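The exercises below are meant to be worked through with the sequence and the coordinates open side by side. Try each task before reading its solution.

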Amino acid sequence: AVVSTQSTGMALVEFISAAFMIFGGALPYIPQYLKMRQESSSEGFSLKVCLVLLTANILRIAFWFGKFYETPLLIQSIVMIFTMLFMLEVCVKLRKEHPLSSTLRKSFTDFEPSDFWNWSTFSDYLQCILSMVVVISLLTYAFVDSKTYVEGIGTLSLCTESTLALPQLFKNFSSGSTQGMSVKMVMLWFLGDSFKTLYFVVRAAPLQFLLCGSIQTFVDILILYQVLSYGDTKPK
């Protein structure tokens, strides 16, 4: 009976850990979404955070086809892709409702490097993302049997994800302010990344995952330092 109770307890802990791993990454964006809705502005949030996470998770899914890893990590990638698409749509909508600069139409199909990831409509972002999916899918189909390719996209995925918070860090630095950014989002980033790193250690996940978690946690700490340093300073 004791063994049975312990087994049930362990199974419950593993279930809760897996559920947190799947949905925990999306939780930080709830306070950021609420803050943007409250202020009717997305200017404090870096859209490049969405770019980083979309790219990283598309690559991570491709990596799964060449090297199977735990199912919760795969489902997490799918959940994060839909979360980032939702955040993108909200940000683009708010920018159209409350434009702060020129209303000149910027399109993905213009292929203007200076306008990259700063387009006018959500459909432009979708075109870019779908193009990325097609290219990565074709490459993975062609080279899925190549260990070098598979390990390469795995490493690239985790390296990309490890830079998740860097766009927000640079945006705060360039504006000299953290106004418009949800501090709760960053706190949840920090807690989630710390938990994730520990999870990778306990579950003996590939080294790429561990490095990613460690770098993310460090950048989260830097952003929290910015919050303390900038205080209520308004953007430049």
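**Exercise 1.** Does leucine 27 count as buried, partly exposed or exposed, and what is its relative accessibility?

*Solution.* The model is a predicted one, and the first step is to place the residue: leucine 27 is found in the loop between α1 (2–24) and α2 (29–39). The second step is to compare its accessibility with the cut-offs, where under 20% is buried and over 50% is exposed. Leucine 27 has a relative accessibility of 38% and therefore counts as partly exposed. As a further step, one may look across the chain to methionine 80, which is 53 residues apart from leucine 27 in sequence, with a separation of 10.0 Å between their C-alpha atoms.

**Exercise 2.** Describe how helix α3 and helix α4 pack against each other, beginning with the axes and ending with the residues in contact.

*Solution.* Two packed helices are described by the angle between their axes and the distance between those axes. Here, the axes of α3 (residues 48–66) and α4 (residues 71–97) come within 9 Å and cross at roughly 150°. Since an angle over 145 degrees counts as roughly antiparallel, α3 and α4 are therefore roughly antiparallel to each other. The handedness completes the geometry, for α3 passes α4 in a left-handed crossing. On the α3 side, the residues making the contact include Leu53, Leu54, Ile61 and Trp64, while those on the α4 side include Leu74, Ile81, Met84 and Leu88. Sorted by class, the contact of α3 with α4 has 16 nonpolar, three polar and one charged residues.

**Exercise 3.** For phenylalanine 111 and tryptophan 117, determine the phi value, and then decide for phenylalanine 111 and for tryptophan 117 whether the residue is buried or exposed.

*Solution.* Most residues other than glycine have a negative phi. Phenylalanine 111, however, has a positive phi near 50°, and tryptophan 117 has a positive phi near 60°. Phenylalanine 111 lies in the loop between α4 and α5 (122–143), and tryptophan 117 is likewise placed in the loop between α4 and α5. Their accessibilities settle the last step: phenylalanine 111 is exposed, with a relative accessible area of 61%, whereas tryptophan 117, at 2% relative accessibility, counts as buried.

**Exercise 4.** What distance does helix α6 reach from its first C-alpha to its last, and which of its residues are buried?

*Solution.* Helix α6 (residues 147–162) has 16 residues and reaches 22 Å from its first C-alpha to its last, which is close to the 22 Å expected at 1.5 Å a residue. Among the buried residues of α6 are Tyr149, Val150, Ile153, Leu158 and Glu161.

Technical notes:
Residues are numbered from 1 along each chain as its sequence is written. This is a predicted model: local features need pLDDT of at least 70, side-chain atom pairs count only at pLDDT 80 or more; totals for chains, interfaces and linings use all residues. Side-chain values use heavy atoms; hydrogens and water are left out. Axes are lines fitted to C-alpha atoms, for helices over the stretch in contact, and angles run from 0 to 180 degrees between N-to-C directions. Helices (H or I, at least four residues) and strands (E, at least two) are DSSP runs, numbered from the N terminus. Angles under 35 degrees count as roughly parallel, over 145 as roughly antiparallel, 65 to 115 as roughly perpendicular and the rest as oblique. A crossing is left-handed if the near helix is turned anticlockwise from the far one by less than a right angle, and right-handed if clockwise. Contact means heavy atoms within 4.5 Å. Ala, Val, Leu, Ile, Met, Phe, Trp, Tyr, Cys and Pro count as nonpolar, Asp, Glu, Lys and Arg as charged, and the others, Gly among them, as polar. Buried means under 20% relative accessible area, exposed over 50%, partly exposed in between (1.4 Å probe, protein chains only). The expected span of a helix is 1.5 Å times one less than its number of residues.
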